[in-house]
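User: I've got a new structure open and I'd like to learn how to read it. Could you walk me through it, one feature at a time?

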Amino acid sequence: MDGSVFLLLVIVGIAVYFLPFFIAAGRGVNTGSVFVINLFLGWTFIGWVVALAMSMGSRRTP
């Protein structure tokens with residue numbers, strides 16, 4: 001496998017892994033808790049789905 005293809009696959013994998021965090025940041029939802037759940041429990045499918053559900057939750061109004 002070519003080195004550039006491997007690097008591209010790693011970057012895409014990291015982007016998919018942190019997709020819940022990117023969604024939360026774009027929506028202005030509680031990014032800190034989504035990031036921590038995603039970082040520590042995202043490797044499990046359940047942790048990743050929980051982080052995704054948190055990122056898709058309702059926005060807080062000040």
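Analyst: Happy to. Let's begin with a term: the radius of gyration here is taken over C-alpha atoms, and the globule rule to set beside it is 2.2 Å times the number of residues to the power 0.38. Keep in mind that this is a predicted model. For a compact globule of 62 residues the radius of gyration would be near 11 Å, whereas the protein has 13 Å.

User: What does the C-alpha trace span along its principal axes?

Analyst: The spans are about 50 × 20 × 15 Å.

User: And how many helices and strands does the protein have?

Analyst: There are four helices and zero strands. Reading from the N terminus, the order is α-α-α-α. Helix α1 covers residues 3–17 and holds Tyr 17, helix α2 covers residues 19–27 and includes Pro 20, and helix α3 covers residues 31–41, with Val 36 in it. Then comes a loop, where Trp 43 sits, and after that α4 at 45–55.

User: How do I read a distance along a helix compared with one between helices?

Analyst: Put the sequence gap next to the gap in space. Tyr 17 and Gly 3 are 14 residues apart in sequence, and their C-alpha atoms are 21 Å apart. Pro 20 and Val 34 are also 14 residues apart in sequence, yet 7.1 Å separates them, C-alpha to C-alpha. For the loop residue, try Trp 43 and Ala 53: ten residues apart in sequence, 15 Å apart in space, again C-alpha to C-alpha.

User: What share of the contacts joins residues 24 or more positions apart?

Analyst: Counting contacts with a separation of 6 or more, 42% are of that kind.

User: Now burial. Is Pro 20 buried or exposed?

Analyst: The cut-offs help: under 20% relative accessible area is buried, and over 50% is exposed. Pro 20 has 0% relative accessibility, so Pro 20 is buried. Outside its neighbours up to four places away in sequence, Pro 20 touches Val 34, Asn 38, Trp 48, Ala 51, Leu 52 and Ser 55.

User: Asn 38 is on that list. What is its own relative accessible area?

Analyst: Asn 38 has 0%, so this residue is buried too. Asn 38 is in helix α3, and beyond four places in sequence its contacts include Tyr 17, Phe 18, Pro 20, Trp 48 and Ala 51. For contrast, look at Trp 43: its relative accessibility is 67%, so Trp 43 counts as exposed. Over the whole protein, 18% of the 62 residues count as buried.

User: And the surface as a whole?

Analyst: The protein exposes about 4,500 Å², and carbon and sulfur atoms supply 77% of that. One nonpolar surface patch, about 440 Å², is made by Phe 35, Val 36, Leu 39, Phe 40 and Leu 41. Val 36, a member of this patch, is partly exposed because its relative accessibility is 42%.

User: I see plenty of rings. How do I read a pair of them?

Analyst: You describe a pair of aromatic rings by the distance of the centres and the angle of the planes. Centres have to lie within 6.5 Å to make a pair, and planes over 60 degrees apart count as edge-to-face. That gives four aromatic pairs here. In one of them, the ring centres of Tyr 17 and Phe 18 are 5.0 Å apart and the planes are at 85°, so this pair is edge-to-face. Phe 21 and Phe 22 make a tilted pair, with 6.0 Å from centre to centre and 55° between the planes.

User: Which residues do the ring pairs link into a cluster?

Analyst: Tyr 17, Phe 18, Phe 21, Phe 22 and Phe 35. Phe 18 is buried, because its relative accessibility is 16%. Tyr 17 comes to 23%, so Tyr 17 is partly exposed. Phe 21 also has 23% and is partly exposed, and Phe 22, at 47%, is partly exposed as well.

User: Which residues is Tyr 17 in contact with, leaving aside neighbours within four places in sequence?

Analyst: Asn 38, Leu 39, Gly 42, Trp 43 and Trp 48. Looking back, two of these names are already familiar: Asn 38, which is buried, and Trp 43, which is exposed.

Conventions. Residues are numbered from 1 along each chain as its sequence is written. This is a predicted model: local features need pLDDT of at least 70, side-chain atom pairs count only at pLDDT 80 or more; totals for chains, interfaces and linings use all residues. Side-chain values use heavy atoms; hydrogens and water are left out. Rings of Phe, Tyr and Trp (its six-membered ring) pair if their centres lie within 6.5 Å; planes under 30 degrees apart count as stacked, over 60 as edge-to-face and the rest as tilted. Buried means under 20% relative accessible area, exposed over 50%, partly exposed in between (1.4 Å probe, protein chains only). Patches are made of residues with over 30% relative accessible area and no salt bridge: like charges are joined within 9 Å, nonpolar side chains (Val, Leu, Ile, Met, Phe, Trp, Tyr) within 5 Å. Accessible areas come from the Shrake-Rupley method with a 1.4 Å probe; for residues, only the protein chains shown count as cover. A salt bridge is a side-chain nitrogen of Lys or Arg within 4 Å of a carboxyl oxygen of Asp or Glu. Helices (H or I, at least four residues) and strands (E, at least two) are DSSP runs, numbered from the N terminus. Contact means heavy atoms within 4.5 Å.
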